[in-house]
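Colleague: I would like to go through this model and ask why each label was given. Please set the values against the cut-offs as we go.

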Amino acid sequence: MEGHEQLVKSRVVKVDSEETWNFFINQARKQGCAVIVHFTAAWCIPSVAMKPFFQNLAVSFQDTLFLTVDVDDVKEVASKMKIKAMPTFVLMRGGVEVDKLVGANPDEISKRIDGFVHSSRSYITPS
């Protein structure tokens, strides 16, 4: 079971700098890939509790990029994305925010991500 857990963790990319953020967002934009971002903080119990849920979502949606950003480690990105509370989940397409969910509500997050990812599959990135 531990090996499977490792596999699950590898689907979520931890953003550790503004440069890393820019790299992944630009790559996703160029490839027409949807992006789901979990803004979290180590001290925020609801954020920590959502981590396994977010990892499982990443396994379910293989053609979507899942990023996690600790707001204390990468303050520039949290500020740029106007993150005010944790956990916050941001759904992005074409390098821009399409939807934002604040709070630990797994049912609503699943519903919104499912609809977003399915609509993204028919999305074509503008040139």
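Modeller: Start with Lys80, which has a relative accessible area of 40%. Keep in mind that this is a predicted model.

Colleague: Why is Lys80 called partly exposed?

Modeller: Buried means under 20% and exposed means over 50%, with partly exposed in between. Lys80 is at 40%, so Lys80 counts as partly exposed.

Colleague: What makes the pair of Glu18 and Lys80 a salt bridge?

Modeller: The rule asks for a side-chain nitrogen of Lys or Arg within 4 Å of a carboxyl oxygen of Asp or Glu. The closest N and O atoms of Glu18 and Lys80 are 3.8 Å apart, so the pair meets the rule. Glu18 lies in helix α2 and Lys80 in helix α4, so the salt bridge ties together parts that are 62 residues apart in sequence. Glu18 is partly exposed too, at 28% relative accessibility.

Colleague: How many salt bridges does this rule give?

Modeller: The count comes to six. Among them is the pair of Lys100 and Glu97, with the closest N and O atoms 3.8 Å apart. Lys100 is partly exposed at 25%, and Glu97 is partly exposed at 38%.

Colleague: How do you know that Arg112 and Asp99 form a salt bridge?

Modeller: Their closest N and O atoms are 2.9 Å apart, and the cut-off is 4 Å, so the pair qualifies. Arg112 lies in helix α5 (residues 106–120) and Asp99 in strand β5, so this salt bridge links parts that are 13 residues apart in sequence. Arg112 has a relative accessible area of 29%, which makes this residue partly exposed. Through shared partners, salt bridges join Asp99, Glu108, Lys111 and Arg112 into one network.

Colleague: Is Lys82 buried or exposed?

Modeller: Lys82 has 57% relative accessibility, and exposed means over 50%, so Lys82 counts as exposed. Lys82 lies in the loop between α4 and β4. Its phi is positive, about 55°, although Lys82 is not a glycine. Pro87 lies in the loop between α4 and β4, and the peptide bond from Met86 to Pro87 is cis, with omega near -5°.

Colleague: What makes you call β4 mostly covered?

Modeller: Six of its six residues are buried. Thr88, Val90 and Met92 point one way from β4, while Phe89, Leu91 and Arg93 point the other way. In a regular strand the side chains alternate between the two faces of the sheet.

Colleague: How do you know that β4 pairs with β2 and β5?

Modeller: Two strands pair if there are at least two bridges between them. Five bridges join β2 to β4, so these antiparallel strands pair. One partnership there is Ile36 with Leu91. Six bridges join β4 to β5 (residues 96–102), so these pair as well, also antiparallel. Phe89 stands opposite Leu101 in β5. β4 and β5 form a hairpin with two residues between them, and Gly94 in the turn has a positive phi of about 65°.

Colleague: Which residues touch the most other members of the largest nonpolar core?

Modeller: Trp21, Val37 and Phe39 do, in a core of 22 residues. The elements α2, β2, β3, α4 and β4 each supply at least two residues of this core. Leaving aside neighbours within four places in sequence, Trp21 is in contact with residues including Val37, Phe39, Leu67 and Lys80. Apart from this core lies another, of 17 residues, among them Phe54, Phe61, Leu91 and Ile109.

How values were computed
Residues are numbered from 1 along each chain as its sequence is written. This is a predicted model: local features need pLDDT of at least 70, side-chain atom pairs count only at pLDDT 80 or more; totals for chains, interfaces and linings use all residues. Side-chain values use heavy atoms; hydrogens and water are left out. A nonpolar core is a set of buried Ala, Val, Leu, Ile, Met, Phe, Trp, Tyr and Cys residues joined through side-chain atoms within 4.5 Å. Buried means under 20% relative accessible area, exposed over 50%, partly exposed in between (1.4 Å probe, protein chains only). Helices (H or I, at least four residues) and strands (E, at least two) are DSSP runs, numbered from the N terminus. Contact means heavy atoms within 4.5 Å.
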